[in-house]
Amino acid sequence: MLHQVKAIRAKYRSPIVTWRRFVELFGVVFAIGLLLVFVLVLLVDPYDDVPFSLPLKRHLIDANQRFMYPQVVRSGLFDSFVIGTSSSKLLDPEILNQEFGVRFANLAMDAATAWEQKTIANYFIDHVGKPKVMIVGIDQQWCLANADTQRITARGFPYFLYDDDKWNDFLFLFNSRAVEMAGKLVGVHLGLSSERSRFDGYYLFVPPVNAYDLEKARRAIWGGRLRTLPDPHQEPFRMSDEQRASRVYPALRWLDDLLQRTGDAIKVIGFMPAHVADQPDPATLAGADAAECKSRIVQIAKQRGAKVIDWRYSSPLTREDSNYWDSIHYRVPVGNSLARAIGSAVGDGQPSSDGTYRLLTE
């Protein structure tokens, strides 16, 4: 009888033991696999942030520039920079280099908040020193009343890449995004994929020139509204003293600090040329608010020795639909002309002859 009981136990225990061993073996193999993937990420180091990574050439392969730009700054290849949103991304560093005789990086980021812009600028100053030339592309982000509380976007922000301790970053690299970027970087070196942008940050994010369709662009610019250009004779809205005093633009403190930190560098503030369809009507309170913010930025610039170039008004440039893909993003030839205009405006201190920009600090 005892022998029969033992046989029955052995019969039903054996699959349990086998299953347990399978789970244990699977867990060990899975853990080893994760460890190997993590080691691969650390060795490939797509963000050039690990002290003991392989001596590979890093390429910019992440569409989120917030993750890519710290390594551009730390490379030591650049002594000047551009910050801004996508409205500044088509300022070609190679053209700016020719205009100023320096080495530019375009550190503008898609949908960058004012806080993100000042953070990458301060990172440059902390790691490289005062730039020879700093260009700040201004749009509505610097004039938001909640700029100090709404500091990041849904894209997230990699705080760990902006501190000074590389040894505390390992856990932040243990994620699927880092694995994906490591794979893409390996793919670039194997010739299986291409880099996202030039290492100086310049990236043609707009469609190819031969894909331009004016009617499609007009639909994107006007969004179904009637195409109506501003009346140049219309009186602007006048805010009362109380309304003006109530306007708060917290990001301008950061702008003032940046201009102060850069000392005697060449400092350029550019109000980027959004299409008139995207600009608030000067005859409205929103238009008056934008003008008030612009006025305060000009005052800060004057105090800190910065030049202000204004493209953000109704002009032959901003009224012409064919200059734009949508109400914010201009075409590549426009971006090239803006880069050359910055050099010209800083060099001779004269406004444009065709009325496309004006100088507000001369």
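User: Which residues are linked with Asp92 in a network of salt bridges, and how should such a feature be read?

Analyst: Side chains of opposite charge can pair when their charged atoms come close. A salt bridge is counted here when a side-chain nitrogen of Lys or Arg lies within 4 Å of a carboxyl oxygen of Asp or Glu. In this structure Asp92, Glu94, Arg198 and Asp200 are joined in a network of such salt bridges. This is a predicted model, in which local features need pLDDT of at least 70 and side-chain atom pairs count only at pLDDT 80 or more, whereas totals for chains, interfaces and linings use all residues. Residues are numbered from 1 along each chain as its sequence is written, and side-chain values use heavy atoms, with hydrogens and water left out.

User: What is the N to O distance between arginine 198 and aspartate 200, and are these residues buried or exposed?

Analyst: Their side chains meet in a salt bridge at 2.9 Å, N to O. Accessibility is read as buried under 20% relative accessible area, exposed over 50%, and partly exposed in between, with a 1.4 Å probe and protein chains only. Arginine 198 is partly exposed at 25%, while aspartate 200, at 9%, counts as buried.

User: How many salt bridges does the structure hold, and which pairs lie within a helix?

Analyst: The structure holds 21 salt bridges. Helices are DSSP runs of H or I with at least four residues, numbered from the N terminus. In helix H5 (residues 176–189), glutamate 180 and lysine 184 are 4 residues apart, and so are separated by about one helical turn; their side chains meet in a salt bridge at 3.4 Å, N to O. Glutamate 180 is partly exposed at 42%, as is lysine 184 at 36%. Arginine 244 and aspartate 241 both lie in helix H7 (residues 241–246), 3 residues apart, and the closest N and O atoms of their salt bridge are 3.6 Å apart. Here arginine 244 is partly exposed at 33%, but aspartate 241 is exposed at 60%.

User: Which residues lie nearest the centre of the largest pocket, and which helix gives the most to its lining?

Analyst: On a 1 Å grid over the protein atoms alone, a pocket is an open set of points where a 1.4 Å probe fits, with protein on both sides within 12 Å along at least five of seven lines, and lining residues have an atom within 4 Å of a point. The largest pocket is lined by 45 residues, of which Gln279, Pro280, Asp281, Pro282 and Gly287 lie nearest its centre. Helix H9 (residues 285–304) gives the most to this lining, with 9 residues.

Conventions:
Helix = DSSP H or I, 4+ residues; strand = E, 2+ residues; numbered from the N terminus.
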